[in-house]
Amino acid sequence: MVTIRITREANADPDLPLPSYETAGAAGADLRADLPGRTSVVLEPGTRALVPTGLRVEIPDGYEIQIRPRSGLALKHGITLPNTPGTIDSDYRGPLGVIVLNAGQERFEITHGDRIAQMVVAPVLQAQFELVEALSETTRGSGGFGSTGRG
């Protein structure tokens with residue numbers, strides 16, 4: 001098990017729960033909106049906002065946190081994350097905010113304490129990049145979008 005150390009921003013709500021896994025088999029821990037000084041963030045269709053969580057994290061070397069949408073918000077309201085998955089690098093110590101996009105047809109209100117995204121802790125490998133004259137051949141070759149079947 002990996003430990004993610006967390007601290008709260010100076011103006012964060014100390015009563016909001018820390019990120020948590022809602023079921024025993026959950027891969028993502030839910031993040032909540034921490035809206036000090038305001039009651040909500042309203043997203044009109046097609047708009048986006050940076051929603052604060054009130055948290056800062058310390059991720060061990062060799063890991064990242066991926067920020068992903070919550071499927072229920074996406075299906076029911078069209079609420080997603082435009083840079084999904086967002087990556088939090090192990091050397092970042094700033095405030096943890098979530099960029100939320102309303103891709104739905106109706107305005108959507110995020111209120112203080114709402115679960116707005118989920119975070120997945122994942123191992124990271126760094127690669128070495130090597131410039132070569134040619135790449136090895138494969139059956140697929142340079143076939144791109146849709147080259148392996150429908151869509």
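**Salt bridges and strand pairing**

At a relative accessibility of 34%, Glu58 counts as partly exposed. This value, like the others reported here, was computed from a predicted model. Glu58 forms a salt bridge with Arg5, with 3.6 Å between the closest N and O atoms. Since Glu58 belongs to strand β4 (residues 48-58) and Arg5 to strand β1 (residues 5-8), the pair ties together parts that are 53 residues apart in sequence. Arg5 has a relative accessible area of 55% and is exposed; the cut-off for that class is over 50%, while values from there down to 20% are classed as partly exposed. The bridge therefore joins a partly exposed residue, Glu58, to an exposed one, Arg5.

A search of the whole structure finds 5 salt bridges. Among them is the one between Arg70 and Asp30, whose closest N and O atoms are 3.5 Å apart. Arg70 is located in the loop between β5 (63-68) and α1 (71-77), and Asp30 in strand β2 (residues 29-32), so this contact ties together parts that are 40 residues apart in sequence. Arg70 and Asp30 are both buried, a class that requires a relative accessible area under 20%. The two residues also take part in a network of salt bridges that links Asp30, Arg70 and Arg115.

A further salt bridge is formed by the side chains of Arg107 and Glu44, at an N to O distance of 3.2 Å. Both residues are in loops: Arg107 in the one between β8 (96-102) and β9 (108-111), Glu44 in the one between β3 (40-43) and β4, so the pair ties together parts that are 63 residues apart in sequence. Arg107 has a relative accessibility of 54% and counts as exposed. For Glu44 the relative accessible area is 36%, and the residue is partly exposed.

Strands β3 and β9 run antiparallel and are joined by 4 bridges. Within this pairing, Leu43 stands opposite Phe108 of β9. Phe108 lies on the covered face of β9 together with Ile110, whereas Glu109 and Thr111 make up the uncovered face. In a regular strand, side chains alternate between the two faces of the sheet. The strands that pair here, β3 and β9, also border the loops that hold Glu44 and Arg107, respectively.

Definitions and conventions:
Residues numbered from 1 in each chain as written. Predicted model: local features only at pLDDT ≥ 70, side-chain atom pairs only at ≥ 80, totals over all residues. Heavy atoms only, no water. Salt bridge = Lys/Arg side-chain N within 4 Å of Asp/Glu carboxyl O. Helix = DSSP H or I, 4+ residues; strand = E, 2+ residues; numbered from the N terminus. Buried < 20%, exposed > 50% of the residue type's maximum accessible area, 1.4 Å probe, protein only. Pairing = 2+ DSSP bridges.
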